[in-house]
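Got your viewer open and a coffee at hand? Load the model and follow along, one selection at a time.

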Amino acid sequence: SEDKLRAAIGEVAARFRFDAAGIPSAAGGAIVIAGSFTVGATVVIPPRCSLLTIRSLPGCTLYPDAADQGVLFTLQASRVTIRDLFVFYKTTAGAPSGWFNTFVQAENGDPVDGVQIDPNACRILGNVAFADRLYVDASADQADGTLIADNECIEANGTHAASAYLDSARMICRGNKLPDGTSSASLGSNVIAENVRTGTLALHATDSAGLNT
């Protein structure tokens with residue numbers, strides 16, 4: 001359920017520790033979504049959830065509660081993996097009546113014990129999201145090294161900005177099926193390859209792009 005998902009994230013965050021050398025000594029874990037349920041508000045993955053994996057069993061679906069609901073996952077932690085989720089839309093009388101605007105958005109969180117943890121080196125893998133946007137980097141250039149691969153994003157209302165927005169460096173956006181519009185207005189050294197329906201690419205001079213359609 002939504003409540004159990006939030007509680008599990010809280011448990012992972014609660015056991016995060018640094019050792020005397022400032023290295024994480026207790027971090028991460030795995031949350032398995034084992035049923036279908038509605039999510040009524042943004043799920044925040046805070047900095048203390050670094051090294052967390054969230055995945056889903058086959059056939060389990062996450063649903064929105066309303067139209068233009070906003071972000072499903074706000075990602076503030078480092079080296080988080082979100083994989084194999086199926087995010088559908090809410091229907092009324094056979095028509096979409098609820099959808100998420102963004103599947104995952106990277107943002108900066110509060111420091112942990114005086115240490116700033118950035119949403120970098122995360123992995124968004126193999127998800128299917130009926131949402132207007134797959135991934136948005138709103139981290140002020142702190143999502144370096146993120147991998148966005150093998151996802152399918154299906155637009156819900158047809159009115160949206162770029163479906164994948166990269167604003168950091170050394171990010172990889174590879175093999176995704178998108179509802180048009182991939183932007184790389186970034187710090188550069190990114191790879192954008194083998195994506196379907198990318199639309200217009202806004203590339204940095206140091207980006208590498210190829211085999212996009």
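Here is a tour that goes from the whole chain to strands, then cysteines, then two backbone oddities.

**Stop 1: the whole chain**

Keep in mind that this is a predicted model. Show everything as a cartoon and you'll be looking at one helix and 23 strands. The radius of gyration is 17 Å, close to the 17 Å that the globule rule gives for 213 residues, so the protein is as compact as a globular protein of that length. Turn the C-alpha trace around its principal axes: the spans are about 50 × 45 × 25 Å.

Now switch on a surface. The protein exposes about 9100 Å², with carbon and sulfur atoms supplying 52% of that area. As for the inside, 46% of the 213 residues count as buried. If you like contact maps, take the contacts between residues at least 6 apart in sequence: 62% of them join residues at least 24 apart.

**Stop 2: the eight-stranded sheet**

Next, colour the strands of the open sheet, which has eight of them in the order β3-β6-β9-β14-β17-β20-β22-β23, paired in parallel. Which strands stand at the edges? Select 29–33 for β3 and 208–210 for β23: each has a single partner strand, so one side of each is left without a neighbour in the sheet. Look along the strands and you'll find neighbours turned by 5° against each other on average, direction ignored. As a reminder, strands of a sheet pair through backbone hydrogen bonds, either parallel or antiparallel.

For a close-up inside this sheet, select residues 123–125 (β14) and 147–149 (β17). Three bridges join these two parallel strands. Show Ile 124 as sticks, then find its bridge partner in β17, Ile 148.

**Stop 3: β4, β7 and β10**

Move on to residues 37–39 and 61–64. These are β4 and β7, and they pair in the parallel sense over three bridges. Which residue of β7 does Phe 37 stand opposite? Click across and you'll land on Leu 62.

Stay on β7 and add residues 86–87, which make up β10; two bridges join β7 to this strand, again in parallel. Here Leu 62 stands opposite Val 87. That puts Leu 62 across from Phe 37 and also across from Val 87, so to speak a handy residue to centre on.

**Stop 4: the cysteines**

How many disulfides does the structure hold? Zero. Select Cys 153 to see one that is in no disulfide: the nearest cysteine sulfur belongs to Cys 173 and is 10 Å away. With a relative accessible area of 4%, Cys 153 is buried. Cys 60 is also buried, at 9%.

**Stop 5: two positive phi values**

Most residues other than glycine have a negative phi, and most peptide bonds are trans. With that in mind, select Asp 84, in the loop between β9 (81–83) and β10. Its phi is positive, about 60°, although Asp 84 is not a glycine. Is Asp 84 buried, partly exposed or exposed? It is partly exposed, with a relative accessible area of 36%.

Finish in the segment after β23, where you'll find Leu 211. Leu 211 has a phi near 60°, another positive value in a residue other than glycine. Put the surface back on: Leu 211 is exposed, with a relative accessible area of 68%.

Definitions and conventions:
Residues numbered from 1 in each chain as written. Predicted model: local features only at pLDDT ≥ 70, side-chain atom pairs only at ≥ 80, totals over all residues. Heavy atoms only, no water. Pairing = 2+ DSSP bridges. Helix = DSSP H or I, 4+ residues; strand = E, 2+ residues; numbered from the N terminus. Axes fitted to C-alpha atoms, helices over the stretch in contact; angles between N-to-C directions. Disulfide = S-S within 2.5 Å. Buried < 20%, exposed > 50% of the residue type's maximum accessible area, 1.4 Å probe, protein only. Rg over C-alpha atoms; globule rule 2.2 N^0.38 Å. Contact = heavy atoms within 4.5 Å. Areas by Shrake-Rupley, 256 points an atom, 1.4 Å probe, with all protein chains shown as cover.
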